Amino acid sequence: MGLTKLALIGLTTLGAVAGLQHDQKPLFAEETGQAPISGDKKPLVSSDALQDTISSSKLLARAKRLYKIAKLSEDEYNHPTRVIGSKGHLGTLKYIYKTLQQLGDYYTLSEQPFPAVSGNIFEARLLLDLDLAESAYPMSLTPPTPKKQPVDGQLVLVANDGCHKSDYPSSVDGNIAFIRRGTCPFGTKSELAGKAGAVAAIVYNYEDTPVTGTLGTPSPHHVATFGLSGAEAAPYIAKLKHSKKVEATAYIDAVVDSIMTTNIIAQTTEGDPDNCVMLGGHSDSVAEGPGINDDGSGSLALLEIATQLTNFSVNNCVRFAWWAGEEEGLLGSDYYVDVLPPAENKKIRLFMDYDMLASPNFAYQVYDARNEVNPVGSQQLRDLYVDWYVAHGLNYTFIPFDGRSDYDGFIRNGIPGGGIATGAEGIKTADEVAMFGGEDGVPYDVCYHELCDNVNNLNLTAWELNTKLVAHSVATFARSFEGFPERADDGYAVAEAKSGQYEKTVKYHGSKMFI
Ligand code: DTR
Ligand code: ZN
Ligand code: ZN
């Protein structure tokens with residue numbers, strides 16, 4: 001990815017939303033001031049009234065606009081994309097921000113610039129005993145091999161799972177570390193391998209399947225790192241355990257950039273600011289395509305609901321977030337929660353994540369949040385979605401609440417969370433075809449993270465219906481939190497205790513595995 005420096009212009013941020021840090025220039029604030037809105041008392045929002053404002057025609061118009069914005073990146077990427085740092089993403093941010101500005105002072109708008117890391121892998125190859133390793137995949141955010149040239153070395157089997165310095169024998173120095181997956185993140189293994197002098201590292205799976213993971217936050221000690229399937233690793237492990245040598249050649253041409261990008265936050269100026277319902281979608285896409293379903297469908301649903309909500313008054317504050325850098329590993333939502341002071345954390349009663357609401361071969365999927373593992377209230381939110389689908393005579397399925405999208409930072413920090421989705425690369429089953437229609441044996445979204453994730457990659461029935469459900473979730477809590485659990489007084493202790501259980505099950509942070 002070319003370094004498109006984000007044109008940070010202007011200085012005034014239109015009102016800092018509580019708890020946000022503003023240590024960088026905003027993007028658009030000074031371009032047009034917010035038009036005042038009439039002071040007429042508006043009717044208190046209701047679920048039915050807000051749902052009635054939602055239509056697929058309005059959503060589709062926004063999707064077409066977003067695709068045109070993605071095309072702004074064509075000169076740099078040769079195809080439409082809204083990846084962070086691209087003109088398509090900057091155009092997305094401008095579209096969101098200006099749309100909100102035109103809603104007058106109903107919202108306090110805020111930008112939250114932050115430094116994001118973005119990786120690009122141009123070429124990679126791994127040879128083991130001169131054979132091309134077919135199941136070798138470079139880890140996201142991996143650095144290149146030295147001088148971006150192939151490096152030769154012997155495979156050196158690391159002890160245990162390679163999570164401690166003592167697991168790395170001195171023979172790793174100048175060679176290629178061969179490390180078993182498990183116990184600690186891939187990034188930790190790569191860092192320890194680098195500190196032991198390895199010229200590259202391979203993390204082999206404890207299952208027969210390949211490993212497609214991320215190293216996470218870059219470290220100066222990271223080395224070029226591949227994942228490898230357990231099946232392909234097995235014969236080499238056997239050779240090494242019988243003191244036989246395995247020669248290897250590793251080659252990765254990659255770059256890891258740090259760029260400035262920004263979250264956009266809009267909070268109702270009315271409503272109890274100490275009891276906020278918060279919801280988010282991500283404003284970025286992968287580099288490979290325009291991301292109209294992933295996550296144009298979620299971020300545009302939020303923009304449409306934020307627009308329609310201005311016809312109503314609210315009792316509790318409603319905070320919308322458009323996260324940047326989700327595709328690089330939940331960077332924007334992580335940053336937001338990381339810098340949120342504890343007192344501000346407590347004001348967020350729950351966070352609802354909306355990421356992929358319109359998959360062509362959809363299933364109505366609800367994150368299976370449980371109060372015994374997740375912050376109390378997460379299960380109540382889950383059941384709000386279930387009750388709505390059931391009340392509308394619709395089927396639904398539970399999907400793992402497994403860290404793959406922007407709720408992860410919130411639930412790790414004690415804030416109840418949840419959300420709905422319609423499916424990504426997973427394959428729809430015959431049972432699900434009976435429940436939702438569509439095609440058996442086909443991915444929910446065959447264009448997931450592909451160039452074809454364009455306006456034709458949307459199921460408008462699912463998108464309109466799910467956007468009505470999002471409207472229901474907003475209106476319900478904007479009116480009242482009656483019956484919804486209070487935030488735990490010892491929120492952090494409780495979160496710590498639960499995150500221990502959560503950690504045991506979660507292998508993802510964003511769309512990539514990290515452990
Ligand atoms: N929307 C995906 C991340 C994601 C969120 N939930 C799931 C469930 C299954 C697969 C992927 C996801 C993305 O941003 O890539
Ligand atoms: Zn997504
Ligand atoms: Zn994605």
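**View 1. How the chain splits into domains.** In this predicted model, the protein breaks down into domain 1, made of 14–25 + 48–117 + 258–505, and domain 2, covering 130–245. Measure from centre to centre over C-alpha atoms and you get 35 Å between domain 1 and domain 2.

**View 2. The stretch annotated as Peptidase M28.** An unreviewed UniProt entry puts "domain: Peptidase M28" on residues 263–472. Helix accounts for 33% of that span and strand for 20%. Its end C-alpha atoms sit 24 Å apart.

**View 3. What holds the zinc ion (ligand 2)?** On the protein side, the donors are H282 through NE2, D294 through an OD atom, and D355, which is listed with OD twice. These donors lie 2.0 to 2.5 Å from the zinc ion (ligand 2). If you're hoping for a textbook polyhedron, here's the catch: the site has 6 donor atoms, but the angles among them run from 56 to 168 degrees, and the geometry comes out as irregular.

**View 4. Two zinc ions and a shared aspartate.** Zoom in on D294, which coordinates both the zinc ion (ligand 2) and the zinc ion (ligand 3). The two ions are 3.7 Å apart.

**View 5. Where the ligand 2 donors come from in the chain.** Along the sequence, the donor residues of the zinc ion (ligand 2) follow the spacing H-x11-D-x60-D. H282 belongs to strand β9 (residues 272–282), while D355 is in the loop between β11 (348–354) and β12 (365–367), so this pair ties together parts 73 residues apart in sequence. Buried or exposed, these two, H282 and D355? Both H282 and D355 are buried.

Definitions and conventions:
Residues numbered from 1 in each chain as written. Chains lettered and ligands numbered in written order. Predicted model: local features only at pLDDT ≥ 70, side-chain atom pairs only at ≥ 80, totals over all residues. Heavy atoms only, no water. UniProt positions renumbered as here; feature names shortened; annotations may be inferred. Helix = DSSP H or I, 4+ residues; strand = E, 2+ residues; numbered from the N terminus. Donors = N, O, S within 2.8 Å, 3.2 Å for Na, K, Ca; no water. Tetrahedral: all angles 85-135°; square planar, octahedral: opposite > 155°, others 65-115°. Buried < 20%, exposed > 50% of the residue type's maximum accessible area, 1.4 Å probe, protein only. Domains from an automatic or database assignment.
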